[in-house]
Amino acid sequence: MYIYDEYDQKIVDERVAQFRDQTARFLAGKMTDEQFLPLRLQNGLYIQRLAPMLRIAVPYGLLNSTQLRKLAHITRDYDKGYAHISTRQNIQLNWPLLEEVPDILAELASVQMHAIQTSGNCIRNTTTDQFAGVAADELEDPRPWCEIIRQWSTLHPEFAFLPRKFKIAVCGTSEDRAAIHTHDIGVELVANAQGEVGFRVLAGGGLGRTPVIGSVICDWLEKRHLLTYLEAILRVYNQHGRRDNKYKARIKILVRAMGVDAFREAVEAEWTPIKDGPTTLTGEEIERAKSFFTAPDYAAIDGAASSEALTAQAESDPIFGNWVKRNTRPHRVPGYRAVTVSLKATGYAPGDITDRQLELVADLADQYAFGEARTTHEQNLVLADVREDELYPLWRALQGAGLATANIGYLTDMICCPGGDFCSLANAKSIPVAEAIQQRFEDLDYVYDLGPIDLNISGCMNACGHHHIGHIGVLGVDKKGEEFYQVCLGGSQAKDAAIAKILGPSFKQEDMPEVIAKILTTYLDLRQEEETFLGTYQRVGLDPFKERVYAKAD
Amino acid sequence: MPKLIRDGAITEDHWLPADGDQPGPNNIPTLAQWREDAAGAVQLEPGDGVTDLLPALDSLQLVAINFPVFTDGRGFSYARELRQRGYRGEIRALGNFLRDQMTYLSRCGFNAFQSQSDSELQEALDSLDDFSVHYQGSANQPEPLFRRRA
């Protein structure tokens, strides 16, 4: 992973000093709430329902074991002993004290971490595929490009006061695991007709109040032009994005209002004078970025023998075998697999992890996964490089800590925002809904029979729980002071990205497990052979589900 | 005479912010007034853009950019674009920008700052040096860090 040099370290250290001064001035009454607001937000600090919330940046989801241990220490000493993985692959603390935030930032800086631009109307953490670098279907590793974008966007002087937040995702695979179609900018590594790898650039995607699938604005961009091209897009957005209405301020509204062709022309016009300028990437810089993401020291393993041994082990211990089947996936190196550590056990808020669990994952990463772990936008952790012959002891250790629920990609592996229990923006609670659904569908055999299902829950329009791109999406709404839940179906975050359609009138919280049950029964009745939930929905449409869910009891 | 920070020092000068209705001789012309009678100084508001100025960059000595609210960041792009197109005169920030924004403003090409309060000019001056290293190229250092890294 990327290692800071003296320059990177200096930037985060100076940022801590700057924020320490700003916090002191605010606490001394020398700055108003309104003035302090954007400054603290750009350091990841919200003032929430119960306490401040601090969002720590995990650039494109990569963490090493030292950082995991530091996070465990911070959650224990400055918070209540647990942290939360967000859908931007970041880590959130729910109970820090404002006065202590500069100290927390200093602790983070000591392990090459920060909270820069994890909130506010600026360029946020760049996200990517959690299996980057190990996926068999990858054209090229997206992480060096994420790091190049991270450095370019960090404390960018021109783009810190944009009309609204701005999110970039990068992917390098044919199957999109980074949801690039629903980002302000999506960057995909693609080959042109000559076989040269460059970028396809999408703009104007997004979730929130007005979900939109991004439009391709550049079919193929030469690699060295990445930053100048991004700069041109941001400059068009910064100057022309709406600032009169925060619900119409995202770039998706601008792209729609201008039309894709006019937007593309505006970007080209801004790009022409800076193209080939000093921000053009050099070959040395690209190589430098790539040098941090080389393959670890894999053992030479006989893949066939290893996989045979694993099969035998799985047969002799079916619970282990089931976990291997559900929570691990193929690796491009023979004899290795990528493991997802499930943070979706019933009874715990999706994406929450305790200080002890963080420390355990750190130890396991050191022991079995070259000292690295990854956060995922589905709110789990990944150990990306595990030997097949070490899966068994790893599984035992995870199981002992409640981290081996074999549900990755299934119904109970839900995406869920913190919701009304924590977030001051929320209209409704989301965690209790997730928990009630998990309890209702505890029978894993039933869950496996349903096949892969993305169930995504957001507590409000801001859509942090990505409800628009769940196969089943749930949105908390406020109706005259009461919490209700709207259900939508047929969304997808993958290559076939789609925005889910609203099923009909919303439901009470206590009815939600039954509503989900009716939707699932409808699917099971209608599915043909191996058809997935999404496949059935795409074939039969919304109506059969609607009829079943809203049928009057006779 | 109003105080301001220019090129890293506290100073004074005769220019007053624009007045759209009854401009006196010391008011910086608004973009509309400047269009009528192209002078050496102009004040941009958010939304004005820099396109009109581009053909006249050589004849301008002062471009003032107003920040009615500090959260409206359009002026950052205006300054950056003016510098990238070769403008060498003064770019002055006016209005409600925060001292904590000055390091960014300066890197975008502002070299003068006229804040609404004169009281904290010295602290504001110190804020210009919050960071000693920057990843991006800027008006004062066109080369991004990756071209300068040892």
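## A walk through a two-chain model

Let's start inside chain A of this predicted model, at helix α4(A), where the cover over the buried residues includes α1 (6–27), β1 (45–47), β2 (52–56) and α3 (65–78) of chain A. So which residues of α4(A) are the buried ones? The helix runs over residues 101–109, and the buried set is Val101(A), Ile104(A), Leu105(A), Leu108(A) and Ala109(A). These residues sit on the same side of α4(A), because they span an arc of only 140° around the axis.

Two of the covering elements, β1 and β2 of chain A, take us straight to a sheet. Strands β1(A) and β2(A) run antiparallel and are joined by three bridges. If you'd like a pair of residues to look for, try Tyr46(A), whose bridge partner in β2(A) is Met53(A). Now follow the sheet across: it is an open one with five strands, in the order β1-β2-β5-β4-β13 of chain A, and the pairing is antiparallel. At its edges you'll find β1(A) and β13(A), the latter covering residues 352–354, and each of them pairs on one side only. Leaving direction aside, neighbouring strands in this sheet are turned by 30° against each other on average.

There is another open sheet to visit in chain A. Five strands make it up as well, ordered β6-β7-β8-β9-β10, but here the pairing is mixed. Its edge strands are β6 (127–128) and β10 (215–221) of chain A, each with a pairing on one side only. Inside this order, take a look at β8(A), residues 185–191, and β9(A), residues 197–203: seven bridges hold the pair together in the antiparallel sense. One spot to check is Val187(A), which stands opposite Val201(A) in β9(A).

Time to step back and take in chain A as a whole. It has 18 helices and 21 strands. How compact is a chain of 554 residues like this one? Its radius of gyration is 23 Å, close to the 24 Å from the globule rule, so chain A is as compact as a globular protein of that length. Its C-alpha atoms fill a box of roughly 65 × 60 × 55 Å along the principal axes. Of its residues, 54% count as buried. Look at contacts between residues at least 6 apart in sequence, and 67% of them join residues at least 24 apart.

Chain B comes to five helices and six strands. Reading along its sequence gives the pattern β-β-α-β-β-α-β-α-β-α-α. The radius of gyration is 15 Å, close to the 15 Å expected from the globule rule for 150 residues, so chain B is as compact as a globular protein of that length. The C-alpha box of chain B is roughly 55 × 35 × 25 Å, and 42% of its residues count as buried. For contacts in chain B with a separation of 6 or more, 49% come from residues 24 or more positions apart.

Finally, where do the two chains meet? 29 residues of chain A are in contact with 31 residues of chain B. On chain A's side, the elements giving two or more residues are α1, α2 (33–41), α5 (143–153), α6 (226–240) and α8 (260–274). Helix α1(A), already met as part of the cover over α4(A), provides the largest share here, with six residues. By type, the residues on this side of chain A divide into 13 nonpolar, ten polar and six charged.

Methods: Residues numbered from 1 in each chain as written. Chains lettered and ligands numbered in written order. Predicted model: local features only at pLDDT ≥ 70, side-chain atom pairs only at ≥ 80, totals over all residues. Buried ≥ 20, exposed ≤ 12 C-beta atoms within 10 Å, placed from the backbone. Helix = DSSP H or I, 4+ residues; strand = E, 2+ residues; numbered from the N terminus. Arc of directions from axis to C-beta. Contact = placed C-beta atoms within 7 Å. Rg over C-alpha atoms; globule rule 2.2 N^0.38 Å. Pairing = 2+ DSSP bridges. Axes fitted to C-alpha atoms, helices over the stretch in contact; angles between N-to-C directions. Nonpolar A, V, L, I, M, F, W, Y, C, P; charged D, E, K, R; others polar.
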